[in-house]
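Please open the model in your viewer and keep the sequence panel beside it. The stops below are meant to be selected one after another.

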Amino acid sequence: MNVRIRLIAHGGASHSLEALCPNAEVYILEAALRSEGMPCDVVSYRGLDASRPMAEQSSASRMRGMVGWASRLTGHWGGFPVLYQPSAAHDFQQPIELTQARVRQLLSSPASVIAYYIENRHDCHDAIMLAAHVRDHGPDIHQTLIGPHAVRFGQSILGEHPSFDSVLTGDPLSGLLSLADRLNTPDTWEGIPDFVFRNPEGVI
């Protein structure tokens, strides 16, 4: 089985529990795949932020507009450390140069399957942009979606964005192993549990 899986990970929002241990699920999945003998790797964008700060004046004005108790916390509340601190607003519209740099990173070595782990709508936005560019440069790479956001919204994302080939809405480990085993025989994909896919005619 000459298949290699590439997992795409994001760092998690700064105000979430995911930020305390970023990409934990993805690295656990990578270890599990490797234990099953599946070649795989992780490309993480923890250090290459998906968002870029907006203009200082715009961010400051947005911060001034934040009201309520959360915007007044300075570090502790009731003797407990506060995980969430308001931060400057971000513009989630990726510069084209950043997207191109990520695509070059993704395609720097061969991969048969690229699995985008999407935790939230911002991860989803990034994945949509990346997948479109990957499709242009690597049309034979199977691109699939995994993660909490994919479980909830994957089918509609698949319907709206033809760059994606499938969505795994169940256990990603068993799903990716089954997909890798049947990658070259799409007529058998219906036998993969919790697997939504696009057939050669483009129908989901």
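The tour begins with the whole chain and then moves to single helices and residues.

**Before selecting anything**

This is a predicted model, in which local features need pLDDT of at least 70 and side-chain atom pairs count only at pLDDT 80 or more, while totals for chains, interfaces and linings use all residues. Residues are numbered from 1 along each chain as its sequence is written, and side-chain values use heavy atoms, with hydrogens and water left out.

**The whole protein**

Colour by secondary structure, and six helices and ten strands appear; helices (H or I, at least four residues) and strands (E, at least two) are DSSP runs, numbered from the N terminus. Of the 204 residues, 40% count as buried, where buried means under 20% relative accessible area, exposed over 50%, and partly exposed in between, with a 1.4 Å probe and protein chains only. The accessible surface, computed by the Shrake-Rupley method with a 1.4 Å probe and with only the protein chains shown counting as cover for residues, comes to about 11300 Å², of which 55% belongs to carbon and sulfur atoms. Among contacts (heavy atoms within 4.5 Å) between residues at least 6 apart in sequence, 68% join residues at least 24 apart.

**Helix H1**

Select residues 24-35, the twelve residues of helix H1, which reaches 17 Å from its first C-alpha to its last, close to the 16 Å expected at 1.5 Å a residue; the expected span is 1.5 Å times one less than the number of residues. Now show the side chains of Val26, Leu29, Glu30 and Leu33, which are buried. Seen down the axis of H1, the buried residues fall within an arc of 105°, so they line one face of the helix; the arc is that of the directions from the helix axis to the C-beta atoms. An α-helix has 3.6 residues a turn, so residues three or four places apart point the same way.

What covers the buried residues of H1? Add strands E1 (5-9), E2 (40-44), E7 (113-117) and E8 (142-146), together with helix H6 (172-182), which are included in that cover. On the face turned away from the buried side of H1, look for the exposed residues Ile28 and Ser35. Tyrosine 27, also found in H1, counts as partly exposed at 37% relative accessibility, and its C-alpha atom is separated by 9.8 Å from that of serine 44, 17 residues apart along the chain. H1 is followed by glycine 37, whose phi is positive, near 85°.

**Helix H5**

Move on to residues 148-160, helix H5, where a kink of about 70° is centred on glycine 154; the bend at a residue is the angle between axes fitted to the seven residues ending there and the seven starting there. Its buried residues are His149, Ala150, Gly154, Ile157 and Leu158, and they pack against helix H4 (121-137), E8, strand E9 (166-168) and strand E10 (195-197).

**Serine 163 and glycine 202**

Select serine 163 in the loop between H5 and E9; is this residue buried or exposed? At 12% relative accessibility, serine 163 counts as buried, and, leaving aside neighbours within four places in sequence, it is in contact with Ala131, Ala132, Arg135 and Gln143. Then choose glycine 202 in the segment after E10, which counts as partly exposed at 35% relative accessibility. The C-alpha atoms of glycine 202 and proline 162, 40 residues apart along the chain, are separated by 8.1 Å.
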